[in-house]
Amino acid sequence: MTEPSCRDLFERLSEYLDGELAGPLCDALESHLRDCPACERFCATLRRTVDLCRQLPAVPLPDDVRRELRALLQPLPEG
Amino acid sequence: MSERKAELPDQILGAARDGDPGALRALIEHYQERVYSFASRMCRSREDAKDVLQDTLLSAVRALRSFRGEGSFTTWMFRIAANACRKMRRRGKFEPERELSLDEFLPQPGHDGFPEVVDWSETPDTSLARDELRRALEDAITALPEAYRAVLLLRDVEGLSTEGTAQALDLTPQAVKTRLHRARLAVRDRLAATVARP
């Protein structure tokens with residue numbers, strides 16, 4: 001991945017995964033991924049990283065924090 | 001571009017801006033966990049996250065009428081939350097900033113001249129593996145420098161668009177893309193190390 005083409009690809013991978021890369025550059029990246037197993041594996045694991053982030057559950061709101069917030073925002077009526 | 005997570009319905013937002021108590025309550029219910037979650041991962045402290053949550057929702061409720069609808073309401077809310085986190089930082093509770101360089105994540109050539117990249121994208125989908133990956137992911141996000149963590153949390157975890165993230169953090173869209181990519185690379189590196197561990 002020290003070849004210029006690999007480094008160029010490396011720099012644009014997130015844009016590619018986000019669908020923000022269009023036209024000839026996107027085609028060139030896809031062609032490179034087909035021919036370079038290391039870059040293809042790197043791309044697959046980066047995609048998995050993004051998927052895991054997107055599925056990360058929210059940090060639960062503790063009950064006492066929720067109660068304090070509700071008290072602070074009074075006079076909103078209780079639901 | 002629309003945000004990936006559900007927006008507050010316009011009808012509720014409009015009623016909340018007119019001071020309707022039920023709509024205000026719905027607005028708070030809609031955002032309180034997301035804002036707390038973002039603050040918790042930004043501040044890395046339960047107490048600071050609580051302060052940021054209170055500060056954000058109080059400021060938002062007070063300033064509701066100033067929301068002009070030029071961007072999404074979620075972006076507007078996270079802009080307030082990000083500013084509240086910055087205020088925490090100015091109080092000296094956060095570490096000094098550190099830059100992430102692209103080159104530190106370039107895979108190094110192995111003995112045959114080709115980079116050795118392990119493919120862990122198809123890890124077993126068991127609950128144990130999921131829990132371990134989730135813990136490793138939380139640790140990896142927590143370890144990111146703040147400027148990169150904010151971008152990754154808003155883009156990938158909270159689902160804001162590039163433009164929305166740029167508005168929330170006072171950055172250009174290009175700066176969001178650059179920081180997001182480096183943040184993802186850093187997180188990927190940490191996950192790879194966890195998955196490859198015997």
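Let's start at the end of helix 7 of chain B: the residue right after that helix is B:Asp170, and its phi is positive, near 55 degrees. Helices here are DSSP runs of H or I with at least four residues, strands are runs of E with at least two, and both are numbered from the N terminus. Before I go on, this is a predicted model, where local features need pLDDT of at least 70, side-chain atom pairs count only at pLDDT 80 or more, and totals for chains, interfaces and linings use all residues. Residues are numbered from 1 along each chain as its sequence is written, chains are lettered from A and ligands numbered from 1 in the order in which they are written, and side-chain values use heavy atoms, with hydrogens and water left out.

Okay, back to B:Asp170. It's not a glycine, yet it has that positive phi. Most residues other than glycine have a negative phi. B:Asp170 sits in the loop between helix 7 and helix 8 (173-196) of chain B, and it's exposed, with a relative accessible area of 54%. For the cut-offs, buried is under 20% relative accessible area, exposed is over 50%, and partly exposed is in between, using a 1.4 Å probe and protein chains only.

Helix 7 itself, residues 162-169, is mostly covered, with six of its eight residues buried. Those are B:Thr162, B:Gly164, B:Thr165, B:Ala166, B:Ala168 and B:Leu169.

Which other residue has a positive phi without being a glycine? That's B:Arg44, with phi near 60 degrees. You'll find B:Arg44 in the loop between helix 2 and helix 3 of chain B, and at 38% relative accessibility it counts as partly exposed. Moving into helix 3 (residues 46-63), we meet B:Glu47, also partly exposed at 44%. Its C-alpha atom is 27 Å from that of B:Arg184, which is 137 residues away along the chain.

Now the inside. The largest nonpolar core has 88 residues, and the ones with the most contacts inside it are A:Tyr16, B:Leu27, B:Phe38, B:Phe73 and B:Ile141. By core I mean a set of buried Ala, Val, Leu, Ile, Met, Phe, Trp, Tyr and Cys residues joined through side-chain atoms within 4.5 Å. Helix 2 of chain B, residues 21-43, gives the most to this core, with eleven residues. And what does B:Phe73 touch? Leaving out residues up to four places away in sequence, B:Phe73 touches B:Glu7, B:Leu8, B:Leu13, B:Leu27, B:Tyr31, B:Leu64 and B:Phe67. A contact here is heavy atoms within 4.5 Å.

On to the largest pocket. It's lined by 14 residues, and B:Arg86, B:Glu146, B:Ala147, B:Ala150 and B:Arg179 lie nearest its centre. Helix 2, helix 4 (73-93) and helix 6 (146-157) of chain B are the elements giving two or more residues to that lining. A pocket is an open set of points on a 1 Å grid over the protein atoms alone, where a 1.4 Å probe fits, with protein on both sides within 12 Å along at least five of seven lines; lining residues have an atom within 4 Å of a point.

Last, chain A. There are four helices and zero strands, so to speak a plain α-α-α-α run from the N terminus on. Of its 79 residues, 46% count as buried. Among contacts with a separation of 6 or more, residues 24 or more positions apart account for 53%.
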